[in-house]
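Reader: I am new to this structure. Please pick out one part and take me through it closely. I would like to know how that part connects to its surroundings.

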Amino acid sequence: MTNRITSKILEGLASDVAEATGMDISIDYSSDYGGYRVTTNKQSTILMHRSTAKETKSFFQGIQAGIYLNLKEKV
């Protein structure tokens with residue numbers, strides 16, 4: 001059984017990160033240009049260049065881990 005990483009899953013992760021950071025984070029997909037791109041500021045600032053769904057998921061999970069560790073240090 002494979003666990004597909006769909007754009008719906010990535011949009012959920014982007015929403016979670018956007019809520020936690022207070023930034024306007026969005027993703028867009030283009031098969032012509034090589035995958036997913038993570039942006040902020042109405043797509044004027046690129047946080048992560050085009051990557052696969054797996055790499056994009058790992059990027060969001062890394063941000064979530066950093067937020068968690070940062071909050072844990074403050075307690």
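Author: The structure holds 2 salt bridges. The model is predicted. Asp 28 takes part in one salt bridge with Arg 37, where the closest N and O atoms are 3.2 Å apart. Arg 50 also forms a salt bridge with Asp 28, and here the closest N and O atoms are 3.0 Å apart. The second pair reaches from strand to strand: Arg 50 lies in β3 and Asp 28 in β1, so parts that are 22 residues apart in sequence are tied together. Put together, Asp 28, Arg 37 and Arg 50 are linked in a network of salt bridges.

Is Asp 28 buried or exposed? Asp 28 counts as buried, because its relative accessibility is 17% and the cut-off for buried is under 20%. Arg 50 is partly exposed, because its relative accessible area of 25% falls between the limits of 20% and 50%.

Now place the network in its sheet. The sheet is open and has 3 strands. Their order is β1-β2-β3, and the pairing is antiparallel. Which strands are at the edges? They are β1, residues 26–30, and β3, and each of these pairs on one side only. From one strand to the next, the twist averages 20°.

Look next at how β2 meets β3. These two strands pair in the antiparallel sense over 4 bridges. Val 38 stands opposite Met 48 in β3. Thr 40 faces a partner too: Thr 45 in β3 stands opposite it.

Helices pack on this sheet. Helix α1 covers residues 7–21 and touches β1 and β2. The direction of α1 makes about 155° with that of β1. Helix α2 covers residues 53–74 and touches β1, β2 and β3. The direction of α2 makes about 145° with that of β3.

Return to β2 for a residue in the strand itself. Thr 39 lies in strand β2. How accessible is Thr 39? Its relative accessibility is 0%, so Thr 39 counts as buried. Which residues does Thr 39 touch, leaving aside those up to four places away in sequence? Asp 24, Ile 25, Ser 26 and Asp 28 are among them. Thr 45, Ile 46 and Leu 47 are touched as well. Asp 28, the acid of the salt-bridge network, is thus one of the contacts of Thr 39.

Follow the chain out of β2 and you reach the turn. The hairpin of β2 and β3 has 4 residues between the strands. Asn 41, in this hairpin, takes a positive phi near 55°. Lys 42 lies in the loop between β2, residues 35–40, and β3, residues 45–51. Lys 42 is exposed, because its relative accessible area is 76% and exposed means over 50%. In sequence, Lys 42 and Ser 26 are 16 residues apart. In space, they are 7.9 Å apart, C-alpha to C-alpha.

Aromatic rings come next. The structure holds 2 aromatic pairs. One of them joins Tyr 29 and Tyr 36, and this pair is tilted. The centres are 4.7 Å apart, and the planes make an angle of 45°. Why is Tyr 36 counted as buried? Its relative accessibility is 9%, and buried means under 20%.

Finally, step back to the chain as a whole. Its secondary structure comes to 2 helices and 3 strands. Along the sequence, the pattern reads α-β-β-β-α. The C-alpha trace spans about 45 × 40 × 15 Å along its principal axes. The chain has 75 residues, and buried residues make up 25% of them. Take the contacts between residues at least 6 apart in sequence: 26% of these join residues at least 24 apart. About 5500 Å² of the chain is exposed, and carbon and sulfur atoms supply 52% of that area.

Key: Residues numbered from 1 in each chain as written. Predicted model: local features only at pLDDT ≥ 70, side-chain atom pairs only at ≥ 80, totals over all residues. Heavy atoms only, no water. Buried < 20%, exposed > 50% of the residue type's maximum accessible area, 1.4 Å probe, protein only. Pairing = 2+ DSSP bridges. Axes fitted to C-alpha atoms, helices over the stretch in contact; angles between N-to-C directions. Contact = heavy atoms within 4.5 Å. Phe/Tyr/Trp six-rings, centres within 6.5 Å; stacked < 30°, edge-to-face > 60°. Salt bridge = Lys/Arg side-chain N within 4 Å of Asp/Glu carboxyl O. Areas by Shrake-Rupley, 256 points an atom, 1.4 Å probe, with all protein chains shown as cover.
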